[in-house]
Amino acid sequence: MSVAAKGAPLLSRVVGYSVAIANNAGNIIRDIMKKGELGIVEKESAQDLQTEADRAAQRSIITALQKYFPKSTIIGEEGEEEVKDLSGQVFDPTADSSVSGITCPSHLTSVAEEELVIWVDPLDGTAEYTQAHECRISGHLGVCKTLGVSCESLLDHVTVLIGIASGGKAVGGVIHQPYYNYQNPGSKLGRTIWGIVGGSVGGMPLTAPPDGKLIVTTTRSHSSSTVNDAIAALSPTEVLRVGGAGHKVMMLLEGKAHVYVFASPGCKKWDTCAPQAVLEAAGGVLSDIQGKVIPYHASAPHRNSTGVLASAAGQDHQAFLTKIPQHVKDNLKA
């Protein structure tokens, strides 16, 4: 650990280490895709899949976090079986991490390790990851007729998410895109975006969405009447249906969409903690569909039963909330 890291606030160190840890998880995800043995199993449904990439990435992320921040509470999507010690094969983030520029607001500089709850989604967008793999082994190039999208573009949907909460609120987050830059053969793959609410955000240039339009991003595979009613009420000029909560929030940060609407109980705390922290560090807002704060304390239910509404920096989040029909809000109860 560098002298600078030793003197940095705990939250800055957690975010800095998590950047290196997420980068390593991205390497794991890409390596497993290359080998082609995904080890797919169903969890709750045929649309809820787990691969060896999910499992291996989670083992790497959580064992590293446990080693360097043992007093924190760490909750991973893939369950306790995937957090067991790897007999010394624990990733060391200290050589690759940096706290330079990761500023922390004064009210968070004294946060104790015991207060932290870290929510981990080792591979957000598993469905798209497996579909991209199937396209590759089937020899598809260009647009997949079955999915109606570019086969390679499915890799855009895949992210690694590490969210840090204190006092039940999302305060820090890391979003890693393992396949960023895949369109440029021979170029280095992957990038990592990080943020601390009230502090700094880094890893990419932030772009405002275009004026004179209202672009909504929403679920690609979990649509419903309440989701569609909520979207229609906003009268969007365009709707982008994509996979992964991390990817949807990235679209807000990149200026590709103004608002992310998910009027459904489908996503979980590990899907939203990191994206919320990064988005809010960048000036945006993320709440449930009723405008209430999503709780991230250790005993909080994993499911976000009252949906998600997120808006890019500079957008009127309250105006979006006001337009959501009451019957949609009434259908989403905690």
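**Exercise 1. Work out whether Y17 is buried or exposed, then find its ring partner.**

Step 1. In this predicted model, Y17 comes out at 3% relative accessibility, and since buried means under 20%, Y17 counts as buried.

Step 2. Now look for rings. Searching the whole structure turns up four aromatic pairs. One of them is Y17 with Y68: the ring centres are 5.6 Å apart and the planes sit at 80°, so call this pair edge-to-face.

Step 3. Put the two residues on the fold. Y17 belongs to helix α2 (residues 10–35) and Y68 to helix α3 (residues 52–68), so the pair ties together parts that are 51 residues apart in sequence.

Step 4. Check the partner's exposure, too. Y68 has a relative accessible area of 21%, so it's partly exposed. Y17 and Y68 also join F69 in one aromatic cluster.

**Exercise 2. Classify the ring pair W119 and Y296, and say which parts of the chain it links.**

Step 1. Geometry comes first: the centres are 6.5 Å apart and the planes are at 65°, so W119 and Y296 are edge-to-face.

Step 2. Then location. W119 is in strand β4, while Y296 is in the loop between β14 (285–287) and β15 (308–311), and the two are 177 residues apart.

Step 3. As for exposure, W119 and Y296 are both buried.

Step 4. For a contact of another kind, try R191: its charged end sits over the ring of Y180, 4.0 Å from the ring centre.

**Exercise 3. Lay out the open sheet of six strands and find which strands stand at its edges.**

Step 1. Write down the order: β3-β4-β7-β8-β9-β10, with mixed pairing.

Step 2. Go to the ends. β3 (73–76) and β10 (201–202) each have a single partner strand, so one side of each lacks a neighbour in the sheet.

Step 3. Add the helices. α2 packs on the sheet and touches β4, β7, β8 and β9 (191–196), with its direction at about 30° to that of β8. Helix α3 lies across β3, β4 and β7, running at about 155° to β4.

**Exercise 4. Trace the neighbours of strand β7 and decide how enclosed the strand is.**

Step 1. On one side, seven bridges join β7 to β4 (residues 116–124), and the two run antiparallel. V117 has A165 as its bridge partner in β7.

Step 2. On to β8 (residues 169–177): seven bridges again, also antiparallel. I162 pairs with V174 there, and G163 stands opposite G173.

Step 3. Look at the turn. β7 and β8 make a hairpin with two residues between them, and G167 in that turn has a positive phi of about 65°.

Step 4. Sort the side chains by direction: T159, L161, G163 and A165 point one way, V160, I162, I164 and S166 the other, and all are buried. With eight of its eight residues buried, β7 (residues 159–166) is therefore largely enclosed by the rest of the structure.

**Exercise 5. Test whether the annotated "binding site" positions gather at one spot.**

Step 1. Take the list from the unreviewed UniProt entry, which places the feature at E77, D121, L123, D124 and D271.

Step 2. Compare sequence with space. These positions span 195 residues, yet no two of their C-alpha atoms are more than 9.7 Å apart, so they do gather at one spot.

Step 3. Zoom in on β4, which holds L123 and D124. L123 has a relative accessible area of 1%, so it's buried; D124 is buried as well, at 6%.

Step 4. Check contacts beyond four places in sequence. L123 touches residues including I29, Y129 and T159. Among those D124 touches are H157, G244 and D271, the last being another listed position.

Technical notes. Residues numbered from 1 in each chain as written. Predicted model: local features only at pLDDT ≥ 70, side-chain atom pairs only at ≥ 80, totals over all residues. Heavy atoms only, no water. Buried < 20%, exposed > 50% of the residue type's maximum accessible area, 1.4 Å probe, protein only. Helix = DSSP H or I, 4+ residues; strand = E, 2+ residues; numbered from the N terminus. Pairing = 2+ DSSP bridges. Phe/Tyr/Trp six-rings, centres within 6.5 Å; stacked < 30°, edge-to-face > 60°. Lys NZ or Arg CZ within 6 Å of the ring centre and 35° of its normal. Contact = heavy atoms within 4.5 Å. Axes fitted to C-alpha atoms, helices over the stretch in contact; angles between N-to-C directions. UniProt positions renumbered as here; feature names shortened; annotations may be inferred.
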